[in-house]
Number of protein chains: 2
Amino acid sequence: MAQAYLGYRDGDADTDYGAFFDPEMAALPDHVVTALQHGPQADQVLLEFDRAAMLLDEGYQPTETGYGWLRTGGFQVSVRTDMPGVTPQMWQWWFGWHGSQTRRYKLWHPRAHASARWADGGGDGSYVGRTSLIEEYLGSAYAKAAIRFLEPAELGLAPAADEIAVCARLGSSQAPVDIGWFVHHVRPTPDGAEMRSRFWMGGPWITVRGVAGTADRLIRPIAARQLPDPRDLMVHCAQEMNHLAGFLPELHRRFS
Amino acid sequence: MAQAYLGYRDGDADTDYGAFFDPEMAALPDHVVTALQHGPQADQVLLEFDRAAMLLDEGYQPTETGYGWLRTGGFQVSVRTDMPGVTPQMWQWWFGWHGSQTRRYKLWHPRAHASARWADGGGDGSYVGRTSLIEEYLGSAYAKAAIRFLEPAELGLAPAADEIAVCARLGSSQAPVDIGWFVHHVRPTPDGAEMRSRFWMGGPWITVRGVAGTADRLIRPIAARQLPDPRDLMVHCAQEMNHLAGFLPELHRRFS
């Protein structure tokens with residue numbers, strides 16, 4: 001396989017969707033800037049992993065955008081993204097469409113996404129139950145990750161018919177070690193949709209694949225070195241979701 | 001004693017003042033955001049502990065809001081808070097009123113304050129000479145602290161009749177170790193008051209209670225681990241002072 005690289009090079013834009021590649025990303029939404037200024041939050045105002053299903057409750061949580069370190073180890077990151085003109089179903093389509101082509105994956109975060117393919121080698125149309133092998137930057141750190149998409153029910157989530165919850169186990173593609181979980185909940189709003197992302201990383205969520213329980217004292221410090229800075233993860237998520245939402249309606253209309 | 005927790009739960013709001021609990025905190029004032037962006041400052045533009053009395057001089061100091069690491073060890077944090085409609089005397093009342101009830105203490109920083117009581121077990125009316133035992137988050141770090149309020153004269157401060165200076169020695173409530181000092185100077189302005197907070201933490205200010213001189217090489221590294229990130233301390237102070245100032249005039253009118 002060719003070496004992964006950032007951005008579009010010769011011929012990369014020669015696809016039906018190539019014109020959607022836009023290396024200029026918008027500034028962070030104001031509420032994300034505010035969360036960066038506030039810095040780490042108390043763990044008691046962050047959503048507990050064991051209560052992930054509460055994300056689907058009506059209204060908003062104490063921390064919709066922010067991050068914090070947890071007394072039990074690891075950290076939690078939350079991001080809310082406003083998406084005028086977008087529907088939850090467009091995101092359902094996107095997760096089943098982008099993963100088979102690096103050039104599609106790069107549309108999402110043109111400054112950080114380097115490579116994407118499905119572990120099963122297959123094409124478009126679905127994502128639940130499949131593993132996306134990606135290479136991307138989180139801040140300045142380069143990650144080779146395996147994202148195993150799950151049924152929401154595996155995290156106890158039962159989204160309503162007009163909502164979606166993209167759930168995944170996140171780990172390394174180079175070693176059989178998982179390091180976190182995430183949920184992207186997308187629900188309708190009066191003028192489109194909003195995505196509410198939650199990540200739980202490190203600490204008790206570092207496990208060796210196929211081995212029950214939290215990884216032992218040998219594995220955890222090594223795996224912890226693979227973890228992004230929670231601040232960088234918050235920025236990355238806010239950027240990519242905001243960026244794609246800007247042209248997702250048109251992309252979906254043309255290619256779904 | 002019951003386990004401390006953040007926020008109001010069943011019955012917590014059933015007090016005369018419960019309606020003042022507001023979990024929504026305003027965004028940081030612009031001058032605090034600017035200070036965060038500027039990051040750590042040169043120690044020569046930060047107020048020296050030995051010159052704390054200069055805080056009471058007219059005008060403003062080179063760093064009214066900001067933080068920095070000191071060449072002598074430890075760090076210094078400064079925050080200025082504008083308080084329209086507030087008087088210094090309202091803060092004098094607040095410091096003697098809030099410390100006997102956790103539910104009052106939580107009004108001040110609803111996302112970070114978990115518990116408060118006086119070490120002497122007593123009630124309202126004064127704070128100088130008393131020790132407030134608190135539990136709070138500074139960023140994501142949970143602290144169990146003992147705040148011993150002092151006469152301003154103990155730091156060489158002689159506030160004018162229409163000003164106050166809340167001075168304290170800050171330490172652990174779990175071990176006989178102190179880690180810092182602070183002063184909140186409140187003076188009148190044309191439209192209310194302004195608070196000018198100064199913290200000196202770590203380094204030479206880590207001492208074993210009742211033992212003269214800076215703590216030895218055994219204690220200091222352990223105590224240093226209890227120190228907050230100066231950035232988190234600046235955000236916390238700016239948030240709590242700004243938040244309470246929003247309803248302190250009405251609270252004072254009703255309960256003083």
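1. Let's start with the holes. This is a predicted model, and the structure holds two cavities of 30 Å³ or more. The largest has a volume of about 120 Å³, while the second largest comes in at about 40 Å³.

2. Who lines the largest cavity? There are 13 lining residues, and those nearest the centre are A:Pro40, A:Gln41, B:His109, B:Gly139 and B:Gln239. Helix α5 of chain B (residues 230-245) gives the largest share of this lining, with four residues. By character, the lining splits into five nonpolar, six polar and two charged residues.

3. Now look at the second largest cavity. Its lining is made up of B:Met25, B:Ala26, B:Ala27, B:Leu28, B:Pro29, B:Ala238, B:Gln239 and B:Asn242. Six of these residues are nonpolar and two are polar, with no charged ones. Keep an eye on B:Gln239: it is in this lining, and it is also listed among the residues nearest the centre of the largest cavity.

4. On to the charged pairs: over all chains, the structure holds 25 salt bridges. One of them joins A:Arg104 to A:Asp124, with 2.9 Å between the closest N and O atoms. A:Arg104 sits in helix α3 (residues 102-108) of chain A and A:Asp124 in the loop between β3 (113-118) and β4 (131-138), so this pair ties together parts that are 20 residues apart in sequence. Are the two partners buried or exposed? A:Arg104 is buried, at 11% relative accessible area, whereas A:Asp124 is partly exposed, at 44%.

5. Chain B has a pair worth finding too: B:Arg71 and B:Asp43 form a salt bridge, 3.1 Å from N to O. Both ends are in loops, B:Arg71 between β1 (66-69) and β2 (75-84) and B:Asp43 between α1 (30-38) and β1, so the bridge ties together parts 28 residues apart in sequence. B:Arg71 counts as exposed because its relative accessibility is 68%, and the cut-off for exposed is over 50%.

6. For a long reach along the chain, try B:Arg196 and B:Glu64, whose side chains meet in a salt bridge of 2.9 Å, N to O. B:Arg196 is in strand β8 (residues 192-201) and B:Glu64 in the loop between α1 and β1, so to speak distant parts of the chain, 132 residues apart. Both B:Arg196 and B:Glu64 are buried.

7. Salt bridges can also join up: A:Arg80, A:Asp82, A:Arg187 and A:Glu194 are linked in a network of them.

8. Last, the annotation. An unreviewed UniProt entry places "domain: DAPG hydrolase PhiG" on residues 48-252 of chain A. That span is 21% helix and 35% strand, and its end C-alpha atoms lie 34 Å apart.

How values were computed
Residues numbered from 1 in each chain as written. Chains lettered and ligands numbered in written order. Predicted model: local features only at pLDDT ≥ 70, side-chain atom pairs only at ≥ 80, totals over all residues. Heavy atoms only, no water. UniProt positions renumbered as here; feature names shortened; annotations may be inferred. Helix = DSSP H or I, 4+ residues; strand = E, 2+ residues; numbered from the N terminus. Salt bridge = Lys/Arg side-chain N within 4 Å of Asp/Glu carboxyl O. Buried < 20%, exposed > 50% of the residue type's maximum accessible area, 1.4 Å probe, protein only. 1 Å grid on protein atoms, 1.4 Å probe; cavity = no way out; pocket = protein on both sides within 12 Å on 5 of 7 lines; lining within 4 Å. Points joined across faces, edges and corners; volume = space filled by probe spheres on them. Nonpolar A, V, L, I, M, F, W, Y, C, P; charged D, E, K, R; others polar.
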